[in-house]
Amino acid sequence: MKNQKNKNYNSKDKFVLFATCIPVKGITRSLLCDMQRPNNSNFIPNILYEILTELQGKSISQVKEHYHNKADDVIDEYFTFLLEKEFIFFTDNPDSFPSLDLKWQSPYAITNAIIDSDEKSSHNWKLIFDQLNALGCEAVLIRSYSILDNIELATILNASEGSRLKNIQLILKYDQQELDYFDDLVKKYRRLGYIIIHSSPFEKFTNVEMLQIPIHFTLEVIDSARCCGVVQPDYFTQNIASFTEAQHHNSCLNRKITIDVNGEIKNCPSMTRTFGNIKDTTFEEVLDDQDFKNLWNINKDKILVCKDCEFRYVCTDCRAYIDEPDNILSKPLKCGYNPYIGKWDEWTSNPLKQQVMEYYGMN
């Protein structure tokens, strides 16, 4: 149906947003999210948000009449833009095209996990993967702050074989492996997804041919869990699953369980509170503790500043490092976006954040 932009339509036809094109209102501007084509998403003025949400199902002439025909030229420009970007179509029966259901649900107790390791870690990887498998976990991020040799990495990945995991992402420390090594790794372990090689002497982004699995060699040094929690557009996710989840739950912590380098089970490895050690505590025991789940439902609509941001349903969140350590509903510390002026700044240069950075032990 998205080929209608070049077709004529009856002036009495009503406009309808494609169901996967959803506007999100911010304090100064809105974001029109295209879930099927994230690169097609665009900023729009809040007056256009009003038109799209309050006047959908009306004809252009009816929209103009609503504004007493005082903004006809601007409204024409808006609809030209919407048609060219394929955000809307026209129909004489708008009621036949319901909006997208924004409910989110999962049958699994845990959907994702993070496992951190360093040279002192002694994880029982088979035990960990078996427990995650029992809970229905589908995605795991493994972060290593020290070098994992080929045998150690193979031991970890072999322990995941036979599980229901769909995706394993790796963050590994550079160890002079050739790119061919990672090509072979991805071809052998088909659950592997994104791979980041940190502390690399060079910057390079490539992928495994045919499989299209991204491999990113980065100069960035990722030496502890304190490196986590950065909020920036590169980490935004625009798809129906994450967008609907963000309506109701925390975009980072919902249905997540993690293990830090010492084996402590936490909501996030960056957090101080532990719910037991994997050596003598099971994930099921942790999930019986309601305190573990309290952070799952803190969505962006409840967080200071974030609730006024047009990015709130596509953005990552962080409850480990926040602007006000004593206020769990305060803005993520490592976010440099100001929705009140629509501008990004480097968060580390903000003098208001310096004292909080010292509190968290960040250089």
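1. A cavity, as the word is used here, is a set of grid points where a 1.4 Å probe fits but cannot get out, and a residue counts as lining it if one of its atoms lies within 4 Å of such a point. The model under discussion is a predicted one, and the points below deal with its internal spaces and with two of its helix contacts.

2. Taking the smaller space to begin with, the second largest cavity is lined by Leu-148, Leu-172, Lys-173, Gln-177, Phe-182 and Ile-197, and its volume comes to about 30 Å³. Sorted by class, this lining is made up of four nonpolar residues, one polar residue and one charged residue.

3. How many cavities of 30 Å³ or more does the count give? The count comes to two, and the largest of them holds about 100 Å³ of space. There are 15 residues lining the largest cavity, and those closest to its centre are Lys-300, Cys-306, Cys-309, Cys-315 and Cys-335. By class, the lining of the largest cavity contains twelve nonpolar and three charged residues, with no polar residue present.

4. Among the open spaces, the second largest pocket has a volume of about 480 Å³. Its lining comprises 21 residues, and Met-271, Thr-272, Arg-273, Arg-319 and Ala-320 are the ones that lie nearest the centre of the pocket. When the residues lining the second largest pocket are grouped by class, twelve are nonpolar, five are polar and four are charged.

5. Turning to the helices, α4 (residues 125-135) packs with α5 (residues 150-160) at an angle of about 30°, and the two axes are 8 Å apart. Because angles under 35 degrees count as roughly parallel, α4 is described as roughly parallel to α5. The crossing in which α4 passes α5 is right-handed. On the α4 side the residues in contact are Trp-125, Lys-126 and Phe-129, and in α5 they meet Ile-156, Ala-159 and Ser-160. By class, this contact of α4 with α5 consists of four nonpolar residues, one polar residue and one charged residue.

6. A second helix pair is formed by α1 (residues 46-54) and α3 (residues 72-84), whose axes come within 12 Å and cross at roughly 70°. Since angles of 65 to 115 degrees count as roughly perpendicular, α1 and α3 are therefore roughly perpendicular to each other. In this contact Ile-47, Leu-48, Ile-51 and Leu-52 of α1 meet Tyr-78, Phe-79, Phe-81 and Leu-82 of α3. The class count for the contact of α1 with α3 is eight nonpolar residues, with no polar and no charged residues.

Methods. Residues numbered from 1 in each chain as written. Predicted model: local features only at pLDDT ≥ 70, side-chain atom pairs only at ≥ 80, totals over all residues. Heavy atoms only, no water. 1 Å grid on protein atoms, 1.4 Å probe; cavity = no way out; pocket = protein on both sides within 12 Å on 5 of 7 lines; lining within 4 Å. Points joined across faces, edges and corners; volume = space filled by probe spheres on them. Nonpolar A, V, L, I, M, F, W, Y, C, P; charged D, E, K, R; others polar. Axes fitted to C-alpha atoms, helices over the stretch in contact; angles between N-to-C directions. Helix = DSSP H or I, 4+ residues; strand = E, 2+ residues; numbered from the N terminus. Parallel < 35°, antiparallel > 145°, perpendicular 65-115°, else oblique. Left-handed = near helix turned anticlockwise from the far one by under 90°. Contact = heavy atoms within 4.5 Å.
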